[in-house]
Each structure stands twice: as C-alpha cells, then as structure tokens.
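Let's take a walk through this model together, from its aromatic residues to its strands and its open spaces. Have the structure open beside you as you read.

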Amino acid sequence: MKSYNSISLITDSKSRTCIFSLFITMSLICGAYFLVSASLGTDSFPLKSGLGFNIKQQFTEPVKCEVQVTKKMDIGLRDIRENTPIDKCNEKCRPVGSEALPKGIVSATSNLKMHPLSGPIPEDNNSKHTTSLLALAVGINQKQLVNEIVKKFMGKEFAIMFFHYDDHVDEWHEFEWCDSVIHVSAVNQTKWWFAKRFLHPDIVADYEYIFLWDEDLGVDNFHPERYLSIIKEEGLEISQPGLDRSSSEIHHQITVRGRRSRVHRRYYKPGKCDNNSTAPPCVGWVEMMAPVFSKAAWRCAWYMIQNDLIHAWGLDMQLGYCAQGDRTLKVGVVDQESIVHLGLPTLGGASDKNKTDNTQSSNAKNSSTSSSKRYAIRQRSYEEMRVFKSRWSKAVKDDKCWIDPFEKRAEPDRTN
C-alpha cells in the first residue's frame, strides 16, 4: 500500500507542477556548468604559460602575460591541463611563440657579441663582456674622424656597430680594429633606418646604454667611461654630450656645453624659455646627432621610430615620453664631457667608388649634383616631420586609453 500511495502522489497536479519546476531549475544549472566547462577548453580565457589556469586571478588581478593559443595547440594542451599544478605554473611568462618549448631552452634576447668558429664553448653562454653599445652611421670619406671615435670607445666595455651608407666596407680593413666591429651596409640609408631594423630592443637588451651617433663628431675631449659615470649618477635616461661652442655647428642653444655645470637640463631665452618652461625645446630635449639612451628609454624610443620616416625629424620633440619619468629631470646635456659637431654634409653626396674622371669640370658637376641632392634630402626631412606630427596627433586622438602625462604642462610649439 505504501508503494501505491507513493505512486499515486504523482497524479496530483500540484505535485507534478513542483517536480516539473525542479527539473527545469536543475537543467539550467547543468547547462550553465557545461557552458563554463566548455569555455575553459577554448581561447575565451587567457592561458597562462605553464599551461595552468587560475580562475580567481583572471577576475581579480591584471593579466601580466597572455599567450594566444591556436586551435591546433589547444588540442594538445587539453589533455594535460587537468594534471598541471596551477600554483606552480601560473606565474610563468613566456615570449609569444615559445609556448611549445620547455622554459629552460628559451633564449628570449640576444646581443652583438661575435663568437669563434672553433674551440671550447664557454660554460656561461650569457656571459657579458660589454655593457654598452656604440652604433655609428659611417661613410668612407670620414674614416679618420670615425677612427678617432672608435679608438675612444674600443676596449672600454663597448660593442661597436657600423651602419655603412655608401657601400664602402672593404676599405675599412686598413684599421686594426675593423674585424672587432659589426658591419651592416645599405646604400643611402640613415642611421634611423638602420636602427629600426637592426637595433630591436631584444637584440640590444644586454646593453645598459646605446650611443646612436653620427660620424662627423670630434671626440678629443670626450671620455666614454666618465660620461657613463655622470649619467648614472645624475639619473639621465636620455642624454647627449655638450657641444663645444667655439668649434661646433650649433642648431639649438640647449645643446651648447655649459662651462660652470656638470650637466644642464634646460636653457633660457627671453620671451621663450625660462624657469617655468616644462616642454621641449626649452627642457627635456636632446639633438639627434649624438643621443645616448638607457636600455629602458631605447625600448620605448624604438617603438616610436616610424618604418618609413627614415630621417626621424620630429622624433626629438617627443623623446621625453620615453624618459621613464619626469622629462625635466631625466633628459639632459652633459657639460663635463663635450664633443665637437662638425656638421659635415654626408648623406646624398656623390659616391666616388667607381669614379675615374678627376678633372676640374667633373668636380664642379659633382658638387652641383651633391648640392641638389642635399636640398632634396632637406625637403624630404621637413615633409617627414609634418607627417610624424600628423601621425602623433591622430594617435593621441584615437587612443582613448592613453593619458598624456605632460598634458597640463604642454607649451605651444616654438621655433628658434
């Protein structure tokens, strides 16, 4: 009778309604569970390297390292996710593309150190013998100037790299240091073209400072080791040596060497630049012929260099954004270590590699052609500056998440 009574209860309409509601509720709960479970098996959630998930962390903490997992990779990962210790792996951060490799074999950065073809392999394959990099744009016509620069830096924990813009490479072998220099050649390209393509931040990550210099510089009164000591003590992330006023071609007064100071970060001009100035070119500015970047500042500046704007005009006005803080403090000119800027016209000059006619008329013709090329280059430079300013303005307008740290202190664009 008890069994009959239990069954008969089902015939009651109210009971049927209650059980039906309970069934719907359980179905919804199960459906939600399976949907969440399915989501964890796809790309909907970022996958921490190490192949583990921390669901709580995904919603409470910013993701420091996200890995894009392809469908093919995900098939192989699903089988091992459940057995991966989450706490042990969720803090690992790997370069994109290296997820299929064990962490210990990944070599994420590089340097410009050359290695012998034979002999024993050093036990420490990451040993550092150089702390900074000197990268020079060079042409054979300035080989004596370049020789003096190299002799100042060689043997002082510097790696040296040449950007040959004139197709003359073999001629440099007359110097005993030639084989110790990295040589890269591309005809009629600027140092900024070379830097964008061959000085990626991951390639120069081993170097504390990057000197990206022109070739037409006199270095009789410059000492690299002292310079490094000064900028470290002063906290300068972007800097340049002061220019000797009596011998240099001066384009901007802020670059002139101060006689009574160790470094200076601003200059004064009645009606334009004073103690209240907070923006370039009055403060937080260096010229592009001899900039020196810290590793962190270069990583930022490299991203700002445009692939197609090879003269980099206009870049100098925005370098302060890469100063790793207040540009009025972390960008400056070093007065105690000075150089001479000769201002020689180099790029655009006629190449004499295959020239055989040395007559006076031929020289005059070459001079006229060279002047015409220089004018065309200058016009291109101005156009690049216009384009860069336009791109900067558009980027600022379009990026709704970017906050200008100097917006409240911005000053109108001023010309010398």
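Which residues form one aromatic cluster? The members are Phe153, Phe158, Phe211, Trp213, Phe222 and Tyr227. Please keep in mind throughout that this is a predicted model.

## Aromatic pairs

The count of aromatic pairs comes to 25. One of them joins Phe158 and Phe211, whose ring centres are 5.3 Å apart with the planes at 75°, so this pair is edge-to-face. Phe158 belongs to strand β2 (residues 158-164) and Phe211 to strand β4, so the contact ties together parts that are 53 residues apart in sequence. Both partners are also in the aromatic cluster described above. Phe158 is buried, with a relative accessible area of 6%, and Phe211 is buried too, at 0%.

Another pair brings together Trp392 and Trp402: their ring centres are 6.0 Å apart and the planes lie at 85°, so this pair is edge-to-face as well. Trp392 sits in helix α11 and Trp402 in the segment after α11, 10 residues apart. Are these two rings buried or partly exposed? Trp392 is partly exposed at 22% relative accessible area, and Trp402 is partly exposed at 32%. The cut-off helps here: buried means under 20% relative accessible area.

The two pairs can be set side by side:

| Pair | Distance between ring centres | Angle between planes |
|---|---|---|
| Phe158 and Phe211 | 5.3 Å | 75° |
| Trp392 and Trp402 | 6.0 Å | 85° |

Aromatic rings also meet charge in this model. The charged end of Arg327 sits over the ring of Phe406, 3.9 Å from the ring centre. The charged end of Arg327 sits over the ring of Tyr321 too, here at 5.7 Å from the centre.

## The strands around β4 and β1

Now let's follow Phe211 into its strand. How many residues of β4 (residues 209-213) are buried? Five of the five are, and the strand is mostly covered. Tyr209, Phe211 and Trp213 lie on one side, while Ile210 and Leu212 lie on the other, so to speak back to back, and each of these residues is buried.Which strands does β4 pair with? Strand β1 (residues 132-138) runs parallel to β4 and is joined to it by five bridges. In that pairing, Leu136 has Trp213 of β4 as its bridge partner. Strand β8 (residues 292-294) pairs with β4 in the antiparallel sense, over three bridges, and there Ile210 has Phe293 of β8 as its bridge partner.

Strand β1 also pairs with β2, in the parallel sense and over seven bridges. In β2, Phe163 is the bridge partner of Ala137. Why is β1 described as largely enclosed by the rest of the structure? Seven of its seven residues are buried, and therefore it earns that description. Ser132, Leu134, Leu136 and Val138 point one way from β1, whereas Leu133, Ala135 and Ala137 point the other way, and all are buried.

Just ahead of β4 is another residue to look at. Tyr207 is found in the loop between α7 and β4, and at 1% relative accessibility Tyr207 is buried. Tyr207 and Asn111 are 96 residues apart in sequence, yet their C-alpha atoms are 8.0 Å apart in space.

## Pocket and cavities

Finally, let's turn to the open spaces. The largest pocket holds about 1,300 Å³ of space. Its lining has 40 residues, and His251, Glu287, Met288, Trp313 and Arg378 lie nearest the centre. The elements that give two or more residues to this lining are α7 (191-198) and α11 (360-398). Which of the elements gives the most? That is α11, with seven residues. By class, the pocket lining divides into 16 nonpolar, 12 polar and 12 charged residues.

The structure also holds three cavities of 30 Å³ or more. In the largest cavity there is about 50 Å³ of space. Met304, Ile305, Gln306, Leu309, Ala312, Trp313, Leu315 and Phe388 line this cavity. Seven of its lining residues are nonpolar and one is polar, with no charged residues. Trp313 is worth a second look, as Trp313 lies among the residues nearest the centre of the largest pocket and also lines the largest cavity.

Technical notes:
Residues are numbered from 1 along each chain as its sequence is written. This is a predicted model: local features need pLDDT of at least 70, side-chain atom pairs count only at pLDDT 80 or more; totals for chains, interfaces and linings use all residues. Side-chain values use heavy atoms; hydrogens and water are left out. On a 1 Å grid over the protein atoms alone, a cavity is a set of points where a 1.4 Å probe fits but cannot get out, and a pocket is an open set with protein on both sides within 12 Å along at least five of seven lines; lining residues have an atom within 4 Å of a point. Grid points are joined across faces, edges and corners, and a volume is the space filled by probe spheres set on the points. Helices (H or I, at least four residues) and strands (E, at least two) are DSSP runs, numbered from the N terminus. Ala, Val, Leu, Ile, Met, Phe, Trp, Tyr, Cys and Pro count as nonpolar, Asp, Glu, Lys and Arg as charged, and the others, Gly among them, as polar. Buried means under 20% relative accessible area, exposed over 50%, partly exposed in between (1.4 Å probe, protein chains only). Two strands pair if DSSP finds at least two bridges between them. Rings of Phe, Tyr and Trp (its six-membered ring) pair if their centres lie within 6.5 Å; planes under 30 degrees apart count as stacked, over 60 as edge-to-face and the rest as tilted. A charge sits over a ring if NZ of Lys or CZ of Arg is within 6 Å of the ring centre and within 35 degrees of the ring normal.
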